[in-house]
Amino acid sequence: MLINPPVPSNQAWVREGRCQQWDIWGAPFPPLSLALISTQLVRSGVQTRILDSGPEGKSCEQVLQECKLFKPKMAILATVTPTIDTDLAWFAGGLRKRIPGIRIAVIGIHVSVLPVDVLDRFSAVDYVIMGEPEITSKELASSLFHGHPSIQNVFGIAYRAENGTIRVNPQRPLVSDVDSLGLPDWIKIDFGFYQLPLVNRPFSLIVFARGCPFECRFCASHVYNGRRLRKRSIKSLLGEIHFNLKLGVRDFLFWTEQMTLDRTYLDEFLEALLAEGLHNQIRWVCNSRVDCAEVPLFRKMKQAGCWQIAFGFEFGNDRILELACKGGRSSVKQSRAAAKAAHQAGLVVDGHFILGYPGETVRTLQQTIDLACSLPLTFAHFYPAVPFPGSQLYEEALANGWIEPLQWTAISQDMSCLMMSELSPGVVKDYIRKAYRRFYLRPETIMRVLRIPHSAGDYLNMVRLGLRIIRAKVLCAS
C-alpha cells in the first residue's frame, strides 16, 4: 500500500517534495512520488495500490479497513513536517494494530533530514527512505521479501537493527537518467479527485526536470532532488503527455523549480509541442525564476499551451533578498521586469511572497505587500517564513532559539512560528491577513480574475474558491 495518510480533520494535505501544506486552493496534487514508486515496484513484480486519503475523502477508519482488505506486506507512507505526528503515530500506529505483521516505511523531506529522530520517536515506523525514493523503495522491498540485496547494502535507508540500534545506511546517489524511472503509475489514480478549482477539469503533474543549483536559505528542496539540474529527454516528456491524454487528462503542472533555466532545452520542448500539435490539445502551467524572463520566450510558451506562470518573488526589499540568499540575479527590479514581461505575453501571472524572514521589519513587510500590489498579478500567495527541516533557515532558527525543538505541528506553510524579538508571529500573521485583504479586494485584481472563467459554472466555482480563501486567509490567517 502506498498511502498519503489521513489527518484527524479529514483535510487534504499536499505532501509532494517541498510542498507541504493544507490544500487551501482546492486543487490537491496527484500523489506523484507514490505513483513513481509504484512504477518501480510493479516492474519488480510487486502488486501495489495507491491510496490518497484527503482528496478521496476517506477517514482513518476507511483507510485502515481498505488496507486490511488488501492485506499488504508493506506500506509506504508519504509524510511532511506539520503532519508527521499524526502520520507516524496516530495513523501508522493504527495501521500497525490493524495489520500486526506489516512493514512500514516513510518518505519525505523531513524524514530524509532527521531519520534517527523519526525512528527514535515513532515506534510504528520500521524504515526511513531518504532522498529520492523510487529506486530505494524497490530495493528495500526486494531486500525484505526476496533477500537481495541484504538490508545493510540498501543505500538511502535508515532502520532498526535486530538489537534495536538505529542504523543509517549511506545516501543513495541521485538518479542520473530521470527517464529511466518511467512514467507514474497513474492507472491506479482516479483523476476525478484532482480538479483545477476554476474550471473543474482533471490535472496532473509532469516532472520536467529535477534539481536546483541555487541555495535559497528558506528552501529544502535540495534534500529530495539535489542541486544538479537533471533534465528528461524531450521524447520522454512527449510520451508522458500522450499517456495522460489517453487517461482523459489535458491540463498539467510541469513540476520543476527551473522551467526556464536552460533556455535551449525549453525552446526545444516548446518546438516539439508545436510540431506535434499538442499545443492545441493541452493547457499547462509552470514555475519560473524572475531572472530568466523575456517577452519573446513567454509568448512562445503561451503559443505552446502555457496559460499561467508562477514566480517566486519572495520579498519586496533587495537587502532581504540578499539575506535569504535568493539565488541568481533576483532583485526587486528583476521581479518587476519578469511580471511585466509575462503579463505582456498574455499569461496569467501568479506571485509567491514570504513575510517575516529574519532581519525583516514592519517596513520591509509593507514593502513586500506594496510590491505585490504594484505588479500585474492575477493571483498572489503570502506565506510566513517557515524553517522546514533541511533548510538553512531551520538550522539558524534552532541555533537562535526561534523555534521550539520537536514542535513539528507549528512548522507549517500556513503558520508563523519564528519567535524573534524584531517580529513576533502575531505581527507577521496580521501582515499576511492585511496582504490578502489588500491584494484580493482591489478592483484590478477582481477584473483580472474575472477574465479567467468561460462559463457560468466557472464563475460559480470561482466564487466558491474566493470564499474559501477569504475564510482561511483573511479571516483566520495563522
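Let me begin with Ser143, which counts as buried because its relative accessibility is 10%, under the 20% that sets the limit for that class. This is a predicted model, and that should be kept in mind for everything that follows. Ser143 lies in helix 7, and, once its neighbours within four places in sequence are set aside, the residues in contact with Ser143 are His148, Pro149, Ser150, Ile151 and Val154.

Two of those partners deserve a remark of their own, since His148 and Pro149 are joined by a cis peptide bond, with omega at about 0°. Pro149 is placed in the loop that runs between helix 7, residues 134-146, and strand 8, residues 157-160. To put the two together, Ser143 of helix 7 is in contact with both residues of that cis peptide, His148 and Pro149.

Let me step back to the whole chain before returning to single residues. The secondary structure of the protein chain amounts to 18 helices and 17 strands, and the C-alpha atoms, taken along the principal axes, fill a box of roughly 60 × 55 × 40 Å. How does the radius of gyration of the protein chain stand against that of a compact globule? For 478 residues a compact globule would have a radius of gyration near 23 Å, and the protein chain, at 22 Å, agrees with this.

Of those 478 residues, 61% count as buried, and if we take the contacts between residues at least 6 apart in sequence, 72% of them join residues at least 24 apart. The protein chain exposes about 19,000 Å², of which carbon and sulfur atoms supply 53%. As for charge, there are 54 positive and 44 negative side chains, and the centres of these two sets lie 3 Å apart.

Now to helix 5, residues 109-113, where we find Ser112 and also Val113. Ser112 counts as buried because its relative accessibility is 9%, whereas Val113 has a relative accessible area of 25% and is therefore partly exposed. A polar atom of the Ser112 side chain lies 2.7 Å from the backbone oxygen of Gly108. Beyond its neighbours within four places in sequence, Ser112 is in contact with Ile129, Met130, Gly131 and Val223, while Val113, with residues up to four places away not counted, touches Val223, Pro389 and Gly390. Val223 therefore appears in the list for Ser112 and again in the list for Val113. In the other direction, Val113 and Arg96 are 17 residues apart in sequence, yet their C-alpha atoms are 24 Å apart in space.

My next stop is the loop between helix 12, residues 318-323, and helix 13, residues 332-344, which holds Cys325 and Lys326. Cys325 is not a glycine, and it nevertheless has a positive phi of about 55°; at 35% relative accessibility, Cys325 counts as partly exposed. Is Lys326 buried or exposed? Lys326 is buried, because its relative accessible area is 15%.

What does the side chain of Lys326 reach at 3.4 Å? It is the backbone oxygen of Gly312 that the side chain of Lys326 reaches at that distance, and a polar contact of 3.0 Å also joins the side chains of Lys326 and Glu314. Gly312 and Glu314 are among the residues that Lys326 touches, together with Cys216, Phe218 and Leu321, when residues up to four places away in sequence are not counted. Lys326 and Gln281, which are 45 residues apart in sequence, are 36 Å apart in space from C-alpha to C-alpha.

A second residue with a positive phi is Asn10, which is likewise not a glycine and has a value of about 65°. Asn10 lies in the loop between strand 1, residues 2-4, and strand 2, residues 13-16, and its relative accessibility of 48% is why it counts as partly exposed.

I will finish with Leu297 in helix 11, residues 295-303. Leu297 counts as buried because its relative accessibility is 5%, and, leaving aside neighbours within four places in sequence, Leu297 is in contact with Thr260, Arg263, Leu266, Leu270 and Cys292. For one of these partners, Leu270, the C-alpha atom is separated from that of Leu297 by 9.8 Å, the two residues being 27 apart along the chain.

Definitions and conventions: Residues are numbered from 1 along each chain as its sequence is written. This is a predicted model: local features need pLDDT of at least 70, side-chain atom pairs count only at pLDDT 80 or more; totals for chains, interfaces and linings use all residues. Side-chain values use heavy atoms; hydrogens and water are left out. Helices (H or I, at least four residues) and strands (E, at least two) are DSSP runs, numbered from the N terminus. The radius of gyration is taken over C-alpha atoms; the globule rule is 2.2 Å times the number of residues to the power 0.38. Buried means under 20% relative accessible area, exposed over 50%, partly exposed in between (1.4 Å probe, protein chains only). Contact means heavy atoms within 4.5 Å. Accessible areas come from the Shrake-Rupley method with a 1.4 Å probe; for residues, only the protein chains shown count as cover. Lys and Arg count as positive and Asp and Glu as negative; His and the chain ends are not counted. The place of a charge is taken as NZ of Lys, CZ of Arg, CG of Asp or CD of Glu. A polar contact is a pair of N or O atoms within 3.5 Å; within protein, one must be able to donate a hydrogen and the other to accept it, and residues adjacent in sequence count only if both atoms are side-chain atoms.
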